[in-house]
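Please look at the structure below with its aromatic rings and its surface in mind. The report that follows takes up these topics in turn.

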Amino acid sequence: MVEDVVKELGHLSLGTRLKRIGETLQAQTQAVLAAHGFEQPAAWFPLLAALDRLGPLSVGELSQAVGVSQPVVTRSLKGLEDEGLVSSASSDQDRRVRRIGLSGRGQKLVERSRREAWPAIEAAVAQACAGLEGDLLAQLAALEDALIEAPLMQRVPS
């Protein structure tokens, strides 16, 4: 077996390690969503959840709410709009600013997600994180190992 250099470099490669864990969680979350009948990319759901919680937002506000760059939000919004899950309108205060909100279809998707998929994902991730002890690097190693040993799909309550 080849040495996991990123893991062995410790704090030096922490950013790469966190990105790797994030990508693993994202892919496994996508599998859980698919198992629950959701075809939308997992990356869309934080945007939908933010719009559900906060109401209509500008692209900049939505970017801040989910902690990703505006170009990433703009790309995702294109897909969300194409699927009819969000709608946009010019702001009353500034016509140059677009306000994005959930469409009726988007609201129904969020409600269904909240009922059918999000609790399963929450429980599976919590189970993967259960029992983490020690310093951050040890916790990351334990989480990575837990996700390899039993992906989220195996942790989803039946």
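## A partly exposed tryptophan

In this predicted model, Trp118 has a relative accessibility of 22% and counts as partly exposed, because the buried class is kept for values under 20%. Phe45, with a relative accessible area of 5%, falls under that limit and is therefore buried.

## The aromatic pairs

A pair of aromatic rings is described by the distance between the centres and the angle between the planes. Searching the whole structure gives 2 aromatic pairs. In one of them, Phe38 and Phe45 meet edge-to-face, with 6.0 Å from centre to centre and 85 degrees between the planes, and both of these residues are buried.

Phe45 also pairs with Trp118, again edge-to-face, at 6.3 Å centre to centre and with 85 degrees between the planes. This pair links distant parts of the chain, since Phe45 belongs to helix α3 (residues 44-54) and Trp118 to helix α7 (residues 118-129), 73 residues apart. Taken together, Phe38, Phe45 and Trp118 make up one aromatic cluster.

## A charge over a ring

The ring of Phe38 has a further partner, as the charged end of Arg112 sits over this ring at 3.9 Å from its centre.

## A nonpolar patch on the surface

On the surface, Val5, Leu9 and Leu12 form a nonpolar patch, and their accessible area together is about 310 Å². Leu9 lies in the loop between α1 (5-8) and α2 (14-35), and its relative accessible area of 42% makes this residue partly exposed.

Definitions and conventions. Residues are numbered from 1 along each chain as its sequence is written. This is a predicted model: local features need pLDDT of at least 70, side-chain atom pairs count only at pLDDT 80 or more; totals for chains, interfaces and linings use all residues. Side-chain values use heavy atoms; hydrogens and water are left out. Rings of Phe, Tyr and Trp (its six-membered ring) pair if their centres lie within 6.5 Å; planes under 30 degrees apart count as stacked, over 60 as edge-to-face and the rest as tilted. Buried means under 20% relative accessible area, exposed over 50%, partly exposed in between (1.4 Å probe, protein chains only). Helices (H or I, at least four residues) and strands (E, at least two) are DSSP runs, numbered from the N terminus. A charge sits over a ring if NZ of Lys or CZ of Arg is within 6 Å of the ring centre and within 35 degrees of the ring normal. Patches are made of residues with over 30% relative accessible area and no salt bridge: like charges are joined within 9 Å, nonpolar side chains (Val, Leu, Ile, Met, Phe, Trp, Tyr) within 5 Å. Accessible areas come from the Shrake-Rupley method with a 1.4 Å probe; for residues, only the protein chains shown count as cover. A salt bridge is a side-chain nitrogen of Lys or Arg within 4 Å of a carboxyl oxygen of Asp or Glu.
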